[in-house]
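Q: I have a model open and would like to learn how to read it. Where should I begin?

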Amino acid sequence: MAEAALQTRPTIERTAPDTIRLERLLDASPETVWRYLTEAELRAKWFMGGTDAVKGQEMSLLVDHDNLSDEEVPYPDSYAAFKGSTWTEQVIRFEPPHLLETSFQGGKNGTVTYELFPEGEQTRLTVTHSGIVSGTGAQDFGSGWNSHLTVLATRLAGGSVPNFWALHAQSREIVARALG
């Protein structure tokens with residue numbers, strides 16, 4: 001199976017001082033991608049578990065990135081304190097299988113909108129994270145999203161991710177160049 005590979009020129013842009021937008025073309029139908037966004041068990045394989053996203057209800061996101069690497073990899077010291085944290089998110093918009101919008105970090109760092117567009121047998125996923133107020137800003141969130149979306153694309157293509165944290169470190173450099 002193929003291993004995770006970061007795009008050397010990720011499709012990421014800053015659309016406002018507090019907003020970033022990323023795109024990926026994924027090897028799956030919108031219905032399959034939707035399940036990976038909304039079903040906690042599948043979402044845990046590329047982002048965070050917790051509870052399912054359901055229209056009109058709160059959902060939780062559980063920070064447990066041990067599920068993202070196929071090998072046993074320790075958390076970097078700078079992220080270890082977050083392991084096991086749970087955020088309660090609001091499901092703001094829920095339009096299967098085309099649009100999902102939720103709060104992020106309990107609303108402390110804005111909202112995330114996922115838009116799914118069918119392209120033949122693939123899906124173009126656009127992720128817009130707006131309202132970022134964290135001091136780490138677009139660079140840190142962009143690196144995280146780029147890494148997580150790379151894992152999603154890899155999982156949907158049947159590939160492996162030996163070391164999420166190595167992927168994340170590479171992503172930081174790539175996103176820094178992309179965002180300038």
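The dialogue below goes from the sheet to the helices and then to single residues of this predicted model.

Q: In what order do the strands of the sheet run?

A: Read a sheet from one edge to the other. In this case eight strands form an open sheet, in the order β1-β2-β8-β7-β6-β5-β4-β3, with antiparallel pairing.

Q: Which strands stand at the edges?

A: These are β1 (12–16) and β3 (49–50). Each has a single partner strand, so one side of each is left without a neighbour in the sheet.

Q: How many bridges link β1 and β2, and what joins the two strands?

A: β1 and β2 pair in the antiparallel sense over four bridges, and a hairpin of two residues joins β1 to β2. For a point of register, take R14, whose bridge partner in β2 is I20.

Q: What lies on the other side, between β2 and β8?

A: β2 and β8 pair in the antiparallel sense over eight bridges. Here R21 stands opposite T128 in β8. Elsewhere in the sheet, strand β5 (residues 86–95) pairs with strand β6 (residues 99–103), antiparallel and over four bridges; R93 is opposite E101 in β6.

Q: How should I think about side chains along a strand?

A: In a regular strand the side chains alternate between the two faces of the sheet. As for exposure in this model, β2 is mostly covered, with six of its eight residues buried.

Q: Is E23 buried or exposed, and what does its side chain touch?

A: E23, in strand β2, counts as buried because its relative accessibility is 16%, under the 20% cut-off. Its side chain makes a polar contact with the side chain of R21 at 2.9 Å and another with the side chain of R124 at 3.4 Å. Beyond four places in sequence, the residues in contact with E23 are T11, R124, L125 and T126.

Q: Which strands does helix α4 lie across?

A: Helix α4 (residues 137–156) lies across β1, β2 (19–26), β7 (111–119) and β8 (122–130), and runs at about 15 degrees to β2.

Q: How is the packing of α4 and α5 described?

A: Two packed helices are described by the angle between their axes and the distance between the axes. The axes of α4 and helix α5 (residues 164–179) come within 8 Å and cross at roughly 125 degrees, which means that α4 is oblique to α5. The crossing is right-handed. Residues that meet there include A138, G142 and H148 in α4, and F164, L167 and V175 in α5.

Q: Where is I132, and which residues does it contact away from its sequence neighbours?

A: I132 is in the loop between β8 and α4 and is buried, at 10% relative accessible area. Outside four places in sequence, I132 is in contact with D18, I20, N109, G137 and F141. For N109, the separation is 23 residues in sequence and 4.7 Å in space, C-alpha to C-alpha.

Q: What can be said of T38 in the same way?

A: T38 belongs to helix α1 (residues 30–38) and is buried, with a relative accessible area of 5%. A polar atom of the T38 side chain lies 2.9 Å from the backbone oxygen of W34. With neighbours within four places in sequence set aside, T38 is in contact with R43, D52, A53, F94 and L100.

Notes: Residues numbered from 1 in each chain as written. Predicted model: local features only at pLDDT ≥ 70, side-chain atom pairs only at ≥ 80, totals over all residues. Heavy atoms only, no water. Buried < 20%, exposed > 50% of the residue type's maximum accessible area, 1.4 Å probe, protein only. Polar contact = N/O pair within 3.5 Å; in protein donor to acceptor, adjacent residues only side chain to side chain. Contact = heavy atoms within 4.5 Å. Pairing = 2+ DSSP bridges. Axes fitted to C-alpha atoms, helices over the stretch in contact; angles between N-to-C directions. Parallel < 35°, antiparallel > 145°, perpendicular 65-115°, else oblique. Left-handed = near helix turned anticlockwise from the far one by under 90°.
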